[in-house]
Amino acid sequence: MSLDDRLVEPNCPVVDFDHNSAEHAADTVASYRRLRALGPVVRSPRHGGFWVFTDYEGVFAAARDDQVFSSARCPFGGEGLATVIPKTPVNHHIPVELDPPEHRKYRKLINPLTTPAAVERLRPSIEKYTTRFIDRVIEDGQCDFATIIGVPAVVTIDWLGLPADDWERYAHAHHAALSELPASAEFTHAIDVDFPWMEEQLRATIGRRRIEPREDVLSHLLASQIDGRPLTDDEVFAMAELLISGGVGTTASLVAQTLMYLDTDRDLRRNLIRHPEKLPRAVEEFLRVFSPTQALARTVTRDVEFRGHRFHAGDRVLLSWASANRDADAFDDPDSVDIDRWPNRHTSFGMGVHRCAGSHLARALAVEMLGRILGRMPDYEILHEEVVPFPHQAVNPGWKKIPARFTPGPRCGSAGTPVR
């Protein structure tokens, strides 16, 4: 069946939608609202043609059906990362680009690293780096929040066992791969220069850890087994690169969007400053409203009917967590920010077997960072005329620059030299 035939399927709205476009980036909330108004399933001719699931029910069902909606790397839609549209030319990511039963074998090696107890053991590192980043600017009375929210990146790099001082290069490369225009100098430099450099550094460290293990994630993975055999260096590399990709983008996006919002909702900011114990539940609402991962892609494995529409093997589908999180059939008054909303079954960490393994770590990072910023910079003001957004807001919404000013304060002091 040709693309044109698929696009004229009865009862399926066809819309010129591109989540990578400047129009979408200008107001992602309104963009997805327009799609939901058209229906729970829409079709776009962009990027070779793809479907978009816009409502909570459809996103929930598809995300839990790996037999039909596959996350595995495949030839459909070109080469590259299978979970984005269009595909990004990066290395294979394990286990997110695997389906059950293979997925489970690798995921169970990561799960012990990100349990609540494991995250609690990471808390000193989270507190240390958050303090250092704020100490670096607190006496100046001005900063760029886009730099301060690098805390998740440096925590991730350090946790893996890589040199912490390299965090910025890892973060910038991954941001560029997903958020810069494909033809831009930043994107090209990331793909042609930074990613090869990162691969060289990561593989060299893997080689050293195989000889001299330490108390870090790379050593844990190298000591692990799949089907009674040790993981190969390639498998450890693919798993580590996935952890880096998730660690440098998602939580930074959540904190950035929250800081931008709290600059306008001063009453809520004062409420959280007076009642920091409300932050954990507030973070769940921020996750829902701001969806730090906006959408991820799947590939249809076989001809099938789903929610009244005909899908064909090789079709590409975008599951919009952001749209599902504002579905009025799933959430009362979904466009409002209600930090007392409970239960809050948002989709921001995904659903099914591919639900984010790092959700507990992301929450801990967000609560610590927001708590420290609100506590130490309570009167911050963002200079909106100087804010520079990423050109693409398709995956992790965010900004290159978030200049802010605040009343200067004293350094708290932390061991060691502040991270550059």
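In which sense do strand β7 and β10 pair, and over how many bridges? Strand β7 (residues 295-300) runs antiparallel to β10, and 5 bridges join the two. Strands here, like helices, are DSSP runs numbered from the N terminus (E of at least two residues for strands, H or I of at least four for helices). Two strands pair if DSSP finds at least two bridges between them.

Before we go on, a word about the model: it is predicted, local features need pLDDT of at least 70, side-chain atom pairs count only at pLDDT 80 or more, and totals for chains, interfaces and linings use all residues. Residues are numbered from 1 along each chain as its sequence is written, and side-chain values use heavy atoms, with hydrogens and water left out.

**The chain as a whole**

Let us step back and look at the whole chain. Its secondary structure comes to 16 helices and 14 strands. A compact globule of 420 residues would have a radius of gyration near 22 Å, and the 21 Å of this chain agrees with that. The radius is taken over C-alpha atoms, and the globule rule is 2.2 Å times the number of residues to the power 0.38. Along its principal axes, the C-alpha trace spans about 65 × 55 × 40 Å.

Of the 420 residues, 58% are buried. Buried means under 20% relative accessible area, exposed means over 50%, and partly exposed lies in between (1.4 Å probe, protein chains only). The chain exposes about 17,600 Å², with carbon and sulfur atoms supplying 52% of this area; the areas come from the Shrake-Rupley method with a 1.4 Å probe.

Contacts, meaning heavy atoms within 4.5 Å, often link distant parts of the sequence. Among contacts between residues at least 6 apart in sequence, 71% join residues at least 24 apart.

**The sheet around β10**

Now back to β10. An open sheet of 5 strands follows the order β1-β2-β10-β7-β3, and its pairing is mixed. The edge strands are β1 (41-44) and β3, each pairing on one side only. Here are the pairings, each with a bridge pair from the two strands:

| Strands | Sense | Bridges | Residues opposite each other |
|---|---|---|---|
| β1 and β2 | antiparallel | 4 bridges | Arg43 and Trp51 |
| β2 and β10 | parallel | 3 bridges | Val52 and Leu318 |
| β7 and β10 | antiparallel | 5 bridges | Arg298 and Val317 |
| β3 and β7 | antiparallel | 2 bridges | Ser70 and Thr299 |

In a regular strand the side chains alternate between the two faces of the sheet. Strand β10 (residues 316-320) is mostly covered, with 5 of its 5 residues buried. Arg316, Leu318 and Ser320 lie on one side and Val317 and Leu319 on the other, so to speak two covered faces.

Strand β1 is also covered on both faces: Val41 and Arg43 are buried on one side, and Val42 and Ser44 on the other. β1 and β2 form a hairpin with 5 residues between them, and His47 in the turn has a positive phi of about 50 degrees.

Helix α4 (residues 56-63) has Tyr56, Gly58, Val59, Ala62 and Ala63 as its buried residues. These pack against β2, β3 (69-70), β8 (304-306), β10 and α15 (321-324).

**A second sheet**

Another open sheet has 3 strands in the order β4-β14-β11, with antiparallel pairing. Its edge strands, each pairing on one side only, are β4 (142-144) and β11 (381-382). Strand β14 (residues 403-405) is joined to β4 by 3 bridges, and Cys143 has Ala404 as its bridge partner in β14.

**Two partly exposed residues**

Pro389 is found in strand β12 (residues 388-389). It counts as partly exposed because its relative accessibility is 44%. Leaving aside neighbours within four places in sequence, Pro389 touches Gly398, Trp399 and Lys400. The C-alpha atoms of Pro389 and Lys400 are separated by 5.6 Å, with the two residues 11 apart along the chain.

Leu181 sits in the loop between α9 (167-179) and α10 (185-211). Its relative accessibility is 43%, so Leu181 counts as partly exposed. With neighbours within four places again set aside, Leu181 is in contact with Phe187, Pro391 and His392. Leu181 and His392 are 211 residues apart along the chain, yet their C-alpha atoms are separated by 6.9 Å.
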